[in-house]
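Biologist: Before we use any labels, could you show me the model and explain how each term is earned?

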Amino acid sequence: MREAIGLSKSPMLAIRDLSYSFEARKPIFQQVAIDIQPGEFVSVIGPSGSGKSTLFKLITGLLEPDQGEILIDGQKMETRLGLVGYMPQKDLLLPWKTVVDNVLLPLEVKKENKQQNMSEIRKWLSRFGLAEFEKAYPHELSGGMRQRVAFLRTIMTGRELLLLDEPFGALDSMTKRNMQSWLLGLWEELQKTVLFITHDLEEALLLSDRIYLLERTGTFQEMKVHLSRPRNPELIYQSEFIEMRKELERRIHHE
Amino acid sequence: MNNALKKWVSDYGLFVLVCILIVSVWEWVVRSGMIPAFILPAPSAIWSSLADNWQLLLEVHLPATLKEVLIGFVLSLIGGLLLGIGMHFSRVLEKILYPFLVISQTIPLIAISPIFIMWFGYSIWSKIAVTILTAFFPIVVSTYDGLKMGGTEYRELLLTMGASRWMIFKKVQVPMALPSLFSGLKMSVVYCVVGATVGEWLGASEGLGYFSRRMSGNLQADAVFAAIFLLSLLGIILFLIIGLIEKQLLKHNHR
């Protein structure tokens, strides 16, 4: 569509020629290139310890690459801190703050008026099934609910690009299934760009438009997921899905 | 109400029982003449000495000691917090100060106290100096360690939201440091009583330490014990007050 009207919009995230290594050890990334278009849902999978979380720290600006550049929304900034919404593996909710205060943290950091945004936030809380728990403290919530609070906090950063680092990694498989279908429904109306770390192959296929496989050599292999949207979790039992899963596994073992 | 009583009994019942047992055996041992009263006075003798000297103890000596303890504690608190925070923000300051802090705790209190008397004379300040020397160390260490406990994970999360160092300090590190700080304060306030008493032993004209020294010179063991009883009670009450403030402040700080 965009090409048709002659507008070339810049990718939401562009990583060019990125190399990174921890001091004097074998490189984690070697001349990596990634492009993510606005509105895409892209997963990164790879064995644990392969540097998936390091990739996120580079994108958020917590780390600086040895070589190459990272552009957010086509811009190369002095610092990328504060430009993307980052959801870490652990929920990292502040235990002394209520649910609503935890969600408001990004606004507090930016010194924005909280009262003004209150009605919108209430809407979000009920959309997340957290309306009754507005005044609850994190220790009173279940694991799945805590993840939802953490995710809502990430959305409240107001950023277009969201980095989610294994958000469902610590949940039991039942809760995980629920959260996946919840996220599928939510993302379709959110219109945000998501980069998602997981080591769950089914999860990656179910949620993503594309998957990047992080290989031991420090490079990425790309795989497109040709499944139509809207999707639902039942999809994982269809032969088309199973074929893709086989393909993905073949690629992992092949590398 | 009945439940509260039950809880109290289950928490402290055993302690009270053992106390009563010890005091009874003690009274019996002294009364039966096994130990002479000038070596170990009977609890009843301590009690009557306390009653005899009540006015003097309560109107002169206890307020004098309390004043030294409170001034010493407040100054230790201010100094300890400033040093702890300073060391947290500046690595140079930390490298300079930490060895000095440790050295300050290796100096035997009894040995340095005469020097304080030489410097500050018999005024209240010589006692306060000894108090501060004992009391500020736990505050500095608990502040400094507590601030470090804020953890890299929370710091990184707030950095990705675009928070400044000051914002991270205020929003995460200070609240995270409070439990550790309060442990330090509880220790420190008890040390304050010890410090003030030692100071008074070495040179004073009033205070419970001075009173107990004078009485021990007169071989009035019962009066010495009466003063010790009050000093210990003072320490317990101060400890409980800090504990109560902690409980109020950290009601929701579950971790």
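Modeller: What follows is a short conversation about the terms behind this model.

Modeller: This is a predicted model, in which local features need pLDDT of at least 70 and side-chain atom pairs count only at pLDDT 80 or more, while totals for chains, interfaces and linings use all residues. Residues are numbered from 1 along each chain as its sequence is written, and chains are lettered from A and ligands numbered from 1 in the order in which they are written.

Biologist: Why is chain A called as compact as a globular protein of that length?

Modeller: The radius of gyration is taken over C-alpha atoms, and the globule rule is 2.2 Å times the number of residues to the power 0.38. For 255 residues the rule gives 18 Å, and chain A has 19 Å, which is close, so the chain is as compact as a globular protein of that length.

Biologist: What makes S2, S1 and S4 of chain A an open sheet, and in which order do they lie?

Modeller: Strands are DSSP runs (E, at least two residues; helices are H or I, at least four), numbered from the N terminus, and two strands pair if DSSP finds at least two bridges between them. Five bridges join S1 (residues 13-20) to S4 in chain A, and the antiparallel order is S2-S1-S4. Strands S2 (29-36) and S4 (67-72) of chain A are the edges, since each pairs on one side only.

Biologist: How many residues of chain B are in contact with chain A?

Modeller: Contact requires C-beta atoms, placed from the backbone, within 7 Å, and 17 residues of chain B are in contact with 18 residues of chain A. Helix H7 of chain B gives the most to that side, with seven residues.

Note on methods: Two residues are in contact if their C-beta atoms, placed from the backbone, lie within 7 Å.
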